[in-house]
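Q: Got a minute to go through this one with me? I want to start with the aromatics, then wander.

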Amino acid sequence: MKSTIEQLKNRIAVASKRKPAELVIKNAEVLNVFTGDWKKTDIAITEGYIAGIGEYEGEQIVDATGKKIVPGLINGHVHIESTMLTPREFSKVMLKHGITTAITDPHEIANVAGKAGLEYMLNASDALPMNIFVNMPSSVPATQFEHNGAQLDAKDITPYFQNSNVLGLAEVMDFPSVANAEEKMLEKIASTIQQGGIVDGHAAGLSKEDLNIYMAAGIRNDHESVSAQEGKDRLEAGMYLMIREGTVAKDLESLLPIINEKNARRCVFVTDDMLLDDLVENGDIDHIIRKAIQFGLDPVMAYQMTTLNTSECFGLRELGAVAPGYIADFLILNDENQVDIHQVYKNGKCVVDEGEINQSYFSASLTDANTLPKPCIQQLKTSDFSIQITQDYCNTIEIVPNKIITNHICEKVDIKEGKFVPSIDKDQLLIAVVERHKGLSYIGKGIVKGFQMKEGSIATSVAHDSHNFVVVGTSEDEMLTAIKKVEQLDGGLVVTKQNQVKAHLALPIGGLMSDKGYLDVYEDVLKLNHAAEDIGIPATFNPFLTLSFLTLPVIPALKVTDQGLFDFKTFSHIDIEVEKK
């Protein structure tokens, strides 16, 4: 927030005790994230800012005896679209879990709707009782190996840097474009740096030498480390290490062992992609803190990593601490180790009290999404999902449960009349990606292992990053039924069994987000999960988010786009059949 001279005068008057504060929190132990100490003190608040720490009197007094106070939590990298909620409903869930600030990358909706998608997200994120900062998408399209709905160049995104809620350039995932110094990518990076913004990284699978290229290009953080060595490499290169724990990508346990007193201030917690049921049931950054403390991380470090560290990473100078001159975003806790939240304060106002959201801080109106495009797919028939092969040894995608990476394996498959035959016993299923933006005749197909599906199919219009329709199933008929339903819904999630739709969730906002309240969406998600279990998929991983990442070619090792099977190692499409040597 920008302070006027009068506001500064008022704050100084409260700090110097010439006038009482609007609100004083008394008798709690407050975490000083700068020193790592807990201290019983008063917090004096006026006009949304902390004016002083010490002994103060105020017009309103809150007695927090026996409580602990920490800064409001900050999620440094999250895709709102992955929750399938509008920003308004997203903020309600996040605030209940103590997250007062989120930094989001709207490249999901931008890949669907371009500037119209950006405008929707910025408008829908404004005037909420939560900070939602936006980084401009760097990769729209994400790669040239798939079809998406829009293209954004430097000239398209640069004007948005005048918006105070825009911080920089979101995860640069097209490493070859950076390494080859391609003009269009460098224009985006240079424009961001010239505007004083930060550039986010996406260094999946990159070597230590490759990180030199990213750093030389001005990229300063990364959330794709999946091993201790990768984490060390990023810290040694001078990057902020974003430790990710989302619904599928769970890297916390692998990375925590490298954190120590010398490097912890260069580490932050993020979720990246979190589905709604996971968010409601387990939490967001609060869940990561609890888990990290259980694994042995010092609680003070855990809170620093998701408050002060994140604010410093993104240049948010008035956030991340309970200290004079900082915005009054903080949590009153019953127990700091369990992140047991008593109250959540945003701009000095109590927005959550004992788990209950104060609805008066949310306007009744919803941002209009009618300008966003609807899905447009070609006329499909059952045979469109068949895989014609002549050899019985095929490149196969093997999912890794609770990871967004996959294994590239080669297996013997069943053939009948020149077609691949899905096998329940071998756990070899059909997967297909259908272009959905412009009605083009592109369907990429492959063989996938690991879903353990016994019958039916699942399909979704949430398919990173181009968000075409993707479906996996035990037969072509089941897949066609599922895709037709997704189209009918204008985007959504579907489970079929015996060629009947057993559960679905409509996502009419860009095929990515629901227009319902979060509790209604949560109920639909639970029905989908139960239907997925009913067709044999184990509950030990989320099949929909797993499926949505099988289309992401910038993540190792084998994926599928609407143009076919994609090998990350060679960064090219490959045949399904393995060539005989």
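**Aromatic rings and beyond**

A: Sure. F145, F566, F568 and F571 are linked into a cluster by ring pairs. Keep in mind that this is a predicted model.

Q: How many aromatic pairs are there by this rule?

A: The count comes to eight aromatic pairs. One of the pairs is F145 with F566, and its geometry is tilted. The ring centres are 4.8 Å apart, with 50° between the planes.

Q: Where do F145 and F566 lie?

A: F145 is in the loop between β8 (131-136) and α4 (154-157). F566 is in strand β29. The pair therefore ties together parts that are 421 residues apart in sequence.

Q: Are F145 and F566 buried or exposed?

A: F145 is buried, and F566 is buried too.

Q: What about F175 and Y214, what kind of pair do they form?

A: F175 and Y214 form an edge-to-face pair. Centre to centre it is 5.5 Å, and the planes are 70° apart. F175 belongs to helix α5 (residues 175-179) and Y214 to helix α7 (residues 208-216). They are 39 residues apart, so to speak of distant parts of the chain being linked is fair.

Q: And how covered are those two, buried or exposed?

A: F175 has a relative accessible area of 14%, so F175 counts as buried, the cut-off being under 20%. Y214 is at 0% relative accessibility and counts as buried as well.

Q: Back to F566 and its strand. Which sheet is β29 part of?

A: β29 sits in an open sheet of three strands, in the order β28-β29-β30. The pairing is antiparallel.

Q: Which strands stand at the edges?

A: β28 (558-561) and β30 (572-573) do. Each has a single partner strand, so one side of each is left without a neighbour in the sheet.

Q: How many bridges join β28 to β29?

A: Four bridges join β28 to β29 (residues 564-567). T561 has G564 as its bridge partner in β29. L558 stands opposite D567, also in β29. The two strands form a hairpin, with two residues between them.

Q: And on the β30 side, how many bridges?

A: Two bridges join β29 to β30, and these strands run antiparallel. D567 has S572 as its bridge partner in β30. So D567 turns up twice: opposite L558, and as the partner of S572.

Q: Which residue in the hairpin of β29 and β30 takes a positive phi?

A: F571 does, with phi near 50°. That hairpin has four residues between the strands. F571 is also one of the rings in the cluster with F145, F566 and F568.

Q: Switching topic: cavities. How many are there of 30 Å³ or more?

A: Six cavities reach 30 Å³ or more. The largest cavity holds about 80 Å³ of space.

Q: What lines the largest cavity?

A: It is lined by 15 residues. E171, H202, D465, F549 and L552 lie nearest its centre. By class, the lining has four nonpolar, five polar and six charged residues.

Q: How about the second largest cavity, what volume does it have?

A: Its volume is about 60 Å³. The lining residues are M84, L275, T460, V462, L493, F544, L545 and S548. Six are nonpolar, two are polar and none is charged.

Q: Which helix gives the largest share of the lining of the second largest cavity?

A: Helix α16 (residues 543-549), with three residues.

Q: Now cysteines. How many disulfides does a search of the whole structure find?

A: Zero. Take C267: the nearest cysteine sulfur, in C313, is 11 Å away. C267 is at 0% relative accessibility, so C267 counts as buried.

Q: Why does C410 have no bond to C394?

A: The sulfur of C394 is the closest cysteine sulfur to that of C410, but at 8.9 Å it is too far for a bond. A disulfide needs the sulfurs within 2.5 Å. C410 is partly exposed, with a relative accessible area of 33%.

Q: Last one. How many residues of helix α2 are buried?

A: Nine of its 10 residues are buried, and α2 (residues 87-96) is mostly covered. Among the buried ones are R88, E89 and K92. After α2 comes G98, with a positive phi near 85°.

How values were computed:
Residues numbered from 1 in each chain as written. Predicted model: local features only at pLDDT ≥ 70, side-chain atom pairs only at ≥ 80, totals over all residues. Heavy atoms only, no water. 1 Å grid on protein atoms, 1.4 Å probe; cavity = no way out; pocket = protein on both sides within 12 Å on 5 of 7 lines; lining within 4 Å. Points joined across faces, edges and corners; volume = space filled by probe spheres on them. Nonpolar A, V, L, I, M, F, W, Y, C, P; charged D, E, K, R; others polar. Buried < 20%, exposed > 50% of the residue type's maximum accessible area, 1.4 Å probe, protein only. Phe/Tyr/Trp six-rings, centres within 6.5 Å; stacked < 30°, edge-to-face > 60°.
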